[in-house]
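Colleague: I would like to learn how to read the strand pairing and the ligand surroundings in a model such as this one. Could we go through them in turn?

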Amino acid sequence: MPDYISISTLNDFIFCPYSIYLHNVYMGGDEELVHATPQTQGKTAHAAIDEKTYSSRKDEITSLSVYSNELGIIGKIDLYKGREKLLIERKYQLNTIYQGQIYQLWAQYFCMMEMGYIIEKLAFYAISTNKIFPVEIPTSEDKRELQDFILRFKTFDPTQPISVNINKCTHCIYCNLCDKIDTENVYT
Ligand code: SF4
């Protein structure tokens with residue numbers, strides 16, 4: 001059976017490859033020690049989705065496990081509205097949409113299409129502001145870009161030096177546990 005890459009790991013990788021190592025080291029530890037404010041808010045935001053209590057509409061699917069044999073990825077979607085053929089990824093807060101988040105949504109889209117679902121619209125939903133951010137359906141060029149990114153992940157050399165960006169690090173949930181920098185994150 002081929003190895004599948006988790007869609008959320010791809011998102012972490014684009015943020016900082018070293019964060020994947022820290023996530024795996026600390027994920028079994030005390031959650032309160034590891035979780036910074038954004039992650040706690042994110043968990044709360046996903047609670048109704050994860051517990052499948054978000055909607056009673058029969059055409060709405062929440063927290064569905066998805067996969068793509070073609071791309072070699074697996075993950076979970078937040079919300080699919082069948083009537084609108086709309087796939088939504090919920091975030092607690094969304095000031096900027098990062099490329100990793102776009103790849104996450106594209107990856108979910110390609111998984112669902114391969115599984116036979118019809119999707120005509122994509123969007124992020126910011127819970128804190130109750131705002132919808134529509135995203136274009138990925139083109140075949142976008143798909144190639146995603147495939148190139150997955151290949152970069154697969155061929156990554158973990159022995160190469162990590163580039164430390166202090167602005168990024170202080171907004172990283174693993175900042176306080178990371179041995180690459182001495183400062184604390186902005187959430188403490
Ligand atoms: S603190 Fe910086 S170097 Fe450490 S995992 Fe986070 S982003 Fe990467």
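What follows is a conversation about strands, a crossover and a ligand shell.

Modeller: This is a predicted model, in which local features need pLDDT of at least 70, side-chain atom pairs count only at pLDDT 80 or more, and totals for chains, interfaces and linings use all residues. Residues are numbered from 1 along each chain as its sequence is written.

Colleague: In which sense do strands E6 and E7 pair, and over how many bridges?

Modeller: Strands of a sheet pair through backbone hydrogen bonds, either parallel or antiparallel. Here E6 (residues 86–91) and E7 (residues 121–126) pair in the parallel sense over 6 bridges, where strands count as paired if DSSP finds at least two bridges between them, and helices (H or I, at least four residues) and strands (E, at least two) are DSSP runs numbered from the N terminus. Ile-88 stands opposite Ala-123 in E7, and the chain passes from E6 through H5 to E7 in a right-handed β-α-β crossover, meaning that, with the strands pointing away from the viewer, the path from the first strand over the helix to the second runs clockwise.

Colleague: Which way does E8 run against E7, parallel or antiparallel?

Modeller: E7 and E8 (residues 131–135) run antiparallel, joined by 5 bridges, and they form a hairpin with 4 residues between them, where Asn-130 in the turn has a positive phi of about 55°.

Colleague: Which residues are closest to the ligand?

Modeller: Of the 14 residues that surround the ligand (C-beta atom, placed from the backbone, within 6 Å of it), the closest are Cys-16, Ser-19, Cys-169, Cys-172 and Cys-178. Helix H2 gives the most to this shell, with 3 residues.
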